[in-house]
Amino acid sequence: DNMLVMAVADKGFFYAPFESIILPPSIKRIEAQGFFACSSLKSITLPDSVEFIGEKAFEDCVALESIALSTKLKEIGSASFRNCNELREIAFPEGFEIIGARAIASCEKLAKISLPSTLASIGNKAFEGSDALATVIYNGTRDALAALCSGYENEIILSVKELICQK
């Protein structure tokens, strides 16, 4: 009788019409396309239990303005936030490791990203088409960030107006 919800299933809220949602603290994973094309979704706060966001989980959430990520988040899959046109800022917590290919691509108003020193991989074209990106804060050295971006068409990170490396 005391069953815990551990994940948002594949296509769990596919095209759902709500503006906001509160997830229970037992959620550890948001699977592929969990909130795909929830075009009215404006904000979401992930409980600190969430460790993984699957591919296309929030893709085409065109009204999404803000997302508070879990402090335990380790990975976002390919295209997980692609086409989130109203998203202006995203801050990844220390401990976070993997940004999938095109994960934050075509986010037209995205202006600021904060990246942790624990970041180990940035997928191909992760920020492609996010042309408003002006500020990147990285909790590491410029050389380490350059190595993460090298060869994966992520040079946009290194050419922003304001690149702040905190080490």
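Thr135 makes a good starting point: setting aside neighbours within four places in sequence, this residue is in contact with Ala111, Lys112, Ile113, Val160 and Glu162. Thr135 is found in strand 12, and the model it belongs to is a predicted one. From here we can follow the strands on either side of Thr135, move on to the helix and the core, and then step back to the whole chain.

**Thr135 and its strand**

- Thr135 has a relative accessible area of 15%, under the 20% cut-off, and therefore counts as buried.
- Two residues of the neighbouring strands face Thr135 directly: Lys112 stands opposite Thr135 on one pairing, and Glu162 in strand 13 stands opposite Thr135 on another.
- Both of these partners, Lys112 and Glu162, also appear in the list of contacts of Thr135.
- Which way do the side chains of strand 12 point? Thr135 and Ile137 point one way, while Val136 and Tyr138 point the other way.
- All four of these strand 12 residues are buried.
- In a regular strand, side chains alternate between the two faces of the sheet.

**How the parallel strands are joined**

- Strand 8, residues 89-91, runs parallel to strand 10, residues 112-115, and three bridges join them.
- Within that pairing, Ile90 has Ile113 of strand 10 opposite.
- Strand 10 in turn pairs with strand 12, residues 135-138, in the parallel sense, here over four bridges.
- Ser114 has Ile137 of strand 12 as its bridge partner.
- Strand 12 continues the series by running parallel to strand 13, with four bridges between them.
- Strand 10 is thus a shared neighbour, joined to strand 8 and also to strand 12.

**Helix 1 and its two sides**

- Helix 1 covers residues 142-149, and its buried residues are Leu145, Leu148 and Cys149.
- Why do these buried residues line one face of the helix? Seen down the axis of helix 1, they fall within an arc of 95 degrees, so they share a face.
- What do the buried residues of helix 1 pack against? Their partners are strand 10, strand 11 (121-122), strand 12 and strand 13 (162-165).
- On the face turned away from the buried side, helix 1 carries the exposed residues Asp143 and Ala147.
- Gly151 follows helix 1 and has a positive phi, near 80 degrees.

**The nonpolar core**

- How many residues does the largest nonpolar core have? The count is 46.
- Phe58 and Ile99 are the residues with the most contacts inside this core.
- Strand 10, strand 12 and helix 1 are the elements that give two or more residues to the core.
- Helix 1 provides the largest share, three residues.
- Leaving out residues up to four places away in sequence, Phe58 touches many partners, including Ile30, Phe35, Leu41, Ile44 and Leu46.
- Also among the residues that Phe58 touches are Ile53, Ile67, Phe81, Arg82 and Cys84.

**Glu65, a loop residue**

- Glu65 is found in the loop between strand 5 (52-53) and strand 6 (66-68).
- Is Glu65 buried or partly exposed? With a relative accessible area of 43%, Glu65 is partly exposed.
- Not counting residues up to four places away in sequence, Glu65 touches Lys42, Glu86, Leu87 and Arg88.
- Lys11 lies 54 residues from Glu65 along the chain, and their C-alpha atoms are separated by 21 Å.

**The chain as a whole**

- The protein chain has one helix and 13 strands.
- Reading from the N terminus, the elements follow the order β-β-β-β-β-β-β-β-β-β-β-β-α-β.
- The radius of gyration is 15 Å, which agrees with the value near 15 Å for a compact globule of 167 residues.
- Along its principal axes, the C-alpha trace spans about 50 × 30 × 20 Å.
- Of the 167 residues, 46% are buried.
- Among contacts with a separation of 6 or more, 29% are between residues 24 or more positions apart.
- The chain exposes about 7900 Å², and carbon and sulfur atoms supply 49% of that area.

Terms used. Residues are numbered from 1 along each chain as its sequence is written. This is a predicted model: local features need pLDDT of at least 70, side-chain atom pairs count only at pLDDT 80 or more; totals for chains, interfaces and linings use all residues. Side-chain values use heavy atoms; hydrogens and water are left out. Two strands pair if DSSP finds at least two bridges between them. Buried means under 20% relative accessible area, exposed over 50%, partly exposed in between (1.4 Å probe, protein chains only). Contact means heavy atoms within 4.5 Å. The arc is that of the directions from the helix axis to the C-beta atoms. The radius of gyration is taken over C-alpha atoms; the globule rule is 2.2 Å times the number of residues to the power 0.38. Accessible areas come from the Shrake-Rupley method with a 1.4 Å probe; for residues, only the protein chains shown count as cover. A nonpolar core is a set of buried Ala, Val, Leu, Ile, Met, Phe, Trp, Tyr and Cys residues joined through side-chain atoms within 4.5 Å.
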